[in-house]
Amino acid sequence: MVVDRRARIGLRVLALAYLAALLLVPVGVVFYRTFEHGLGTVWESITTPAAIHAFWLTVRIALIAVPLNTVLGVVTALALVRGRFRGKAVLHAVIDLPFAISPVVIGLALVLVYGRTGWFGGWLADHGVQVIFAVPGMVLATIFVCLPFVVREVEPVLREVGDEQEQAAATLGASRWQTFARVTLPAIRYGIAYGVVLSTARAIGEFGAVSVVSGKIAGQTDTLTLLVENRFQNFDVAGAYAASALLALIALLTLLVMTGLRPRRDQS
Amino acid sequence: MIAVNDVTKRFGDFQALDGVSIRVEDGSLTALLGPSGSGKSTLLRVIAGLEAPDEGTVEIAGRDATAVPAQKRGIGFVFQHYAAFKHMTVRENVAFGLRVRKRPKAEIAAKVSELLRIVGLDGYQSRYPAQLSGGQRQRMALARALAVEPEVLLLDEPFGALDANVRAELREWLRRLHDEVRVTTVLVTHDQEEAMEVADRIVVLNHGRVEQEGAPRELYERPANPFVMGFLGPVSRLGDTLVRPHDLRVHTEPRDGALEAQIARVVHLGFEVRVELELDGGEPLSVQLTRDEAAELELGAGDIVWVARPGVGDASVRTLAA
């Protein structure tokens, strides 16, 4: 398609202005406001016991949710691409549910199922396990919202790679496990890595679902995102900015990792 | 020896194999020849254990292998699109089968070097498949399949994805390799020329059934039916008879039993000259002559000639069943 030069430049300016207004300016302001009064204040506000607790809780939740989702994601993607079973179309649709449903609804649903008066909640409470308003519930919520990432990243790669290499491995005498470990896994490693990076970013940044099931017990069930909201509500604007900047920094790091993971040499 | 007994295979409504039985002798190179959808690839995959037959059995080296998984059949398989392990070097690709068998490192290294020499990939061991040409990739795939010393080598349209000149070169190379290594080989192809050039025996398949089985020359000269005749070479139809265009004789004078025809076109194809004729009823007929024959007859478009059917001894005549 031939586009007139002026129209082309106009479109570019528009696209960049849109990005700037919605993305660059707000993020820039957060960083500006954070460091307005010097590094010292920022350091103080992100090293309070509550902030440190929130940081490690965020990390802990991500460290449980992401590996679990990675393993299950790869297995699910394999089933979706290679498997022949009834209800495959349904499974396909279900995988995308966390994308479609608002995180708040997911949080509420978890409360309904695992809360003290919920389906399993009573039984679990009798056995001394508290899910809702505690860390297990937050992990569950995070797993739920991150569910599709690994599956959706690995699935197209599996499809593209095809199953001929696996068949070749089988004719060469490799067992199923050997075939998976030596042929399938290396072939889909970039897809998995992408999925992990995206899951991690989402796990760290998740607010809605986690907020509902956390109960917001300060110093106990505050993640970084909840800490930001908490401080903002309590008119600690500078503290909220500092925590936001920390979150934004983590997100930037994840993005950098993702860019670095891009295969350098196309081996197709 | 490989024996396939009464194998049937269906994919949904499609009957891929319909009661197929074949024998492949030890040390032979057998081609499974047929058009697409004839079941030739399915048959090969059934022999390999990559597909399970609905009915029938497969024997390899005298043992019933029907229930044996592909991993344990002692086969080597070469795919049309190479199925190279893209994340491994040439050396790692060839070593794969030996590595999963946990053979000693020194043995693997020696075996791989020997195979790379045989397939002519000596200097390429540290390259990745993406850095090889199609022909080189396929030779690597062959070395990989041969590394585990299979009892049977199965090739699924191995040259189908290659350029015509590379294909011709690899065909010849495969034939020499087979004479050197002597492993029982089954090759699937839709190219009759390839089958005739490479194989000792040809099995012609159509619609999931065996049409005929035999040595290449036998099939060409004594085809069992119009399908085999048509698939193995060009045919001309003379009434209810199918003949090879090079078995027809053209005369400039009337003769007993010769049919009158008018020349529509004379096509010079180098050594061979194709004369396109029109019979009395308007039916087209193609005759193949050598350059010298054509020059002697001084044929030109519009000329009237007489075409003789081949003599009784000519074997390439078959009446149409229909």
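Reader: Which cut-off defines contact here?
Author: Contact looks at heavy atoms. The cut-off is within 4.5 Å.

Reader: What kind of model is this, and how are residues numbered?
Author: This is a predicted model: local features need pLDDT of at least 70, side-chain atom pairs count only at pLDDT 80 or more, and totals for chains, interfaces and linings use all residues. Side-chain values use heavy atoms, without hydrogens and water, chains are lettered from A and ligands numbered from 1 in the order written, and residues in each chain are numbered along its sequence from 1.

Reader: How many residues of domain 2 of chain A are in contact with domain 1 of chain A?
Author: The domain assignment, automatic or from a database, gives domain 1 as 1–36 and domain 2 as 38–267 in chain A. Their C-alpha centres are 30 Å apart. Six residues of domain 1 of chain A are in contact with domain 2 of chain A, and the count on the domain 2 side is nine.

Reader: Which three residues supply 63% of the area that domain 1 of chain A buries against domain 2 of chain A?
Author: Buried area is the accessible area (1.4 Å probe) that two parts lose on being put together, summed over both. Here the two domains of chain A bury about 690 Å², with 78% on carbon and sulfur atoms. No other three residues of domain 1 supply more than Phe31(A), Thr34(A) and Phe35(A).

Reader: How many salt bridges does the rule find across this interface of chain A?
Author: The rule wants a side-chain nitrogen of Lys or Arg within 4 Å of a carboxyl oxygen of Asp or Glu. On the domain 1 side, two of the touching residues are charged. The salt-bridge count between domain 1 and domain 2 of chain A is zero.

Conventions:
Nonpolar A, V, L, I, M, F, W, Y, C, P; charged D, E, K, R; others polar.
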